[in-house]
Amino acid sequence: MNFQLLKQKTLRSFAGNWAAAILVGLPFVVITYFTGSTGIIYIILASLTTVGMVFTFSDWVAFEHAPATPLTTTFRNMLSTPRPWGPFLLCIVVTIYTFLWSLLLFVPGIIKGLAYSQALFLYREQVIRGESTPDLNEVITESRQLMDGHKLELFWLNLSFIGWALLSVLTLGIGFLWLVPYYVGTMVNYHAALRAGADLI
């Protein structure tokens, strides 16, 4: 899979709409900045804002159109599914599972994190298909199956953002306003490529 093309596709989606993209990612960035990315409060708030951000960017990519009110849309998408707390609980369950695997060794935690990475996207797809109460463990299992043979690939894609992350740190976190939507948008396009048989790009 050509990572450069994935990233270029994301940048084309945001071209002329970076202000909207930044607003979509803003709640997550603010939560991360003020909580220090640690603690129960961070996990809860980060899970909520991640749901809103992923769902909003997924709709943006699917319909090829930026939301008219990006910040409002992001907050609405946090709890907009037929089972409002479902996506939030999914994020919590994935976090717990990943943490438990990490207790064994650091590497198994990374591997499982990669295996569970598609769960939120798959949950959204089930809701779109009309399934009002997707089973969380079934969604996680489907993510593991989808990621079979792709975990190393996703690991390298994540690693390709490390330079941008370091630059964002050097700018006292300001760079994350651009990096977070860039990263999440790329993950949205990566999921689309996987669902297309990984031959989309």
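**Exercise 1.** Classify the solvent exposure of Tyr183 and of Phe161 in this predicted model.

*Solution.* Step 1: Tyr183 has a relative accessible area of 30%, so Tyr183 is partly exposed; buried means under 20%, exposed over 50%, and partly exposed in between (1.4 Å probe, protein chains only). Step 2: Phe161 has 4% relative accessibility and therefore counts as buried.

Residues are numbered from 1 along each chain as its sequence is written, and side-chain values use heavy atoms, without hydrogens and water. Local features need pLDDT of at least 70 and side-chain atom pairs count only at pLDDT 80 or more, whereas totals for chains, interfaces and linings use all residues.

**Exercise 2.** Determine how many aromatic pairs the whole structure holds, and assign the geometry of Phe161 and Tyr183.

*Solution.* Step 1: The search yields eleven aromatic pairs (ring centres of Phe, Tyr or the six-membered ring of Trp within 6.5 Å; planes under 30 degrees apart are stacked, over 60 edge-to-face, the rest tilted). Step 2: The centres of Phe161 and Tyr183 are 5.1 Å apart with planes at 85°, so this pair is edge-to-face. Step 3: Phe161 lies in the loop between α9 (151-159) and α10 (162-170), and Tyr183 in helix α11 (residues 176-195), so the pair ties together parts 22 residues apart in sequence (helices are DSSP runs of H or I, at least four residues, numbered from the N terminus).

**Exercise 3.** Identify which charged residue lies over the face of Phe161.

*Solution.* Lys7 does, at 4.4 Å from the ring centre (the criterion is NZ of Lys or CZ of Arg within 6 Å of the centre and within 35 degrees of the ring normal).

Key. Helices (H or I, at least four residues) and strands (E, at least two) are DSSP runs, numbered from the N terminus.
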